[in-house]
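Biologist: I am new to this structure. Please show it to me, and then take a close look at the part around the ligand, with each term explained as you use it.

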Amino acid sequence: MHLVWFKRDLRAIDHLPLLRAAEAGPVLPLYVVEPELWRQADAAGRQWAFLRECLVELRYELAALGAPLVVRVGNVIDVFRGFQASHGIDGLWSHEETGNAWTYGRDRAVAAWARQQSIPWTQLPQHGVIRGLESRHGWARKWDAFMRRPVTPASASISGLDGIDPGELPNANDLGIAEDACPGRQPGGRSQALELLSSFLHDRGAAYHKEMSSPLTAAESCPRLSAHLAAGSLSMREAAQAAWQRLDEVMALPKERRAGWDTALGAFIGRLHWHCHFMQKLEDSPEHEFRNVHGGYDGLREDAFDATRFAAWAAGRTGFPFVDACMRSLRATGWINFRMRAMLTAFASYHLWLHWRETGLHLARLFTDYEPGIHWNQVQMQSGTTGINTVRVYNPVKQSYD
Ligand SMILES: Cc1cc2nc3c(=O)[nH]c(=O)nc-3n(C[C@H](O)[C@H](O)[C@H](O)COP(=O)(O)OP(=O)(O)OC[C@H]3O[C@@H](n4cnc5c(N)ncnc54)[C@H](O)[C@@H]3O)c2cc1C
């Protein structure tokens, strides 16, 4: 049988590994809930709760195609070993993952095990990230070409395996994940992603470029697709193609009837590029999760950590009303807009002189959409340690008036 390992690609459409595996023979679609992953310092209950909702929908989607999702809790290699013993694995299929250091290490261990067992592991790209990239020259053109390729259809039917217990989806408590109340968290699941994409492209997004920067308007005017792109309940290609199609419709209208949509859609498509651009950076330089991008900044804040300041910032109790309001909103909803993420980080790094690694971990745990490639590069940019970006010290008072 062919084992399709779902990771951060929780959909049946635009899933080439699933299609290829289904063409090759009977398929076991598998998601492994890895307790060790959820014990990492950047993981949080809100992220699991969102993924769990995506998995519930994926289970329905795959069942309709003929092979319901199988869920197991444990170490991935132990789980694979069990299926190898009981059924024999002819091929292992997945998307490439650009994750944190822990997932990178886990993937290397899986590769070594698969080699030892003579199981071919086919990993296919799902984003515009190019593994083993030698030169950035022409990267944006390659991104466009990749995203313009037709969306992979779901297999008409998948031949599943009989007699396999589908397994229960655990709750955060079962996994020992710390209590993480997030009453305003956006719900997960592909149906939600499709609804957000459509409402943004046809209704909510007209003033995106004007309203993205204020936290008063951004929650409604921004696409809110980031958590879905991180979980893979929507593919980047689906998002890009829907945006291009909508842009074509808008550009066919006379200029006076476009109502700002051309600018809004251009801004959105640009950000979809950024998503993969930042992930590419972490793919090429995974050490940026831990080390200053530019070594010239080493030693700048490392020994200056002040636990009292950190605790006040993390709880939204610094006494700067706007900073605290943003932090408390983020804690309660799992999302805040780009400019406020930048301000929260810059305030911690400059005003409070805290090292970005601790503050970045705190923000990672608060973001339902945590995506290591974007996150660590942005945290370093907003902390002035890349050596290539303009140093931006956000003034929290000016921001509050804005
Ligand atoms: C310190 C800091 C940490 C961040 N951490 C994350 C993170 O962990 N996960 C994450 O998805 N985004 C992160 N961002 C980028 C950005 O703030 C969010 O992607 C965005 O606010 C999500 O809202 P949205 O889905 O409505 O997307 P929009 O901002 O409207 O953009 C559309 C999509 O483009 C991508 N995107 C937008 N802005 C950026 C950017 N600056 N860099 C790369 N991709 C971008 C996202 O995939 C997003 O869904 C971070 C930004 C900062 C300053």
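Modeller: A search of the whole structure finds eleven aromatic pairs (rings of Phe, Tyr and Trp, the last by its six-membered ring, with centres within 6.5 Å; planes under 30 degrees apart are stacked, over 60 edge-to-face, the rest tilted). Trp5 and Trp121 form a tilted pair, because their ring centres are 5.8 Å apart and their planes stand at 40 degrees. This pair links distant parts of the chain, 116 residues apart: Trp5 is in strand 1 (residues 2–6) and Trp121 in strand 5 (residues 121–124).

The model is predicted: local features need pLDDT of at least 70 and side-chain atom pairs pLDDT 80 or more, while totals for chains, interfaces and linings use all residues. Numbering starts from 1 along each chain as its sequence is written, and side-chain values use heavy atoms, without hydrogens and water.

Now the ligand. Its shell holds 26 residues (a heavy atom within 4 Å), and the closest are Tyr208, Pro223, Arg224, Ser226 and Asp369. By class, 16 residues of the shell are nonpolar, five polar and five charged. Helix 13 (261–284) is one of the helices that supply at least two shell residues; helix 13 gives the most, six. Helix 11 (226–231), helix 16 (338–351) and helix 18 (372–381) also supply at least two each.

Next, the polar contacts (N or O atoms within 3.5 Å). An oxygen atom of the ligand lies 2.8 Å from a polar backbone atom of Arg224, and a ligand oxygen is 3.0 Å from a backbone N or O atom of Leu225. A ligand nitrogen is 3.2 Å from a side-chain N or O atom of Gln378. Taken alone, the ligand exposes 820 Å², of which the protein buries 99% (Shrake-Rupley method, 1.4 Å probe).

Notes. A polar contact is a pair of N or O atoms within 3.5 Å; within protein, one must be able to donate a hydrogen and the other to accept it, and residues adjacent in sequence count only if both atoms are side-chain atoms. Helices (H or I, at least four residues) and strands (E, at least two) are DSSP runs, numbered from the N terminus. Ala, Val, Leu, Ile, Met, Phe, Trp, Tyr, Cys and Pro count as nonpolar, Asp, Glu, Lys and Arg as charged, and the others, Gly among them, as polar.
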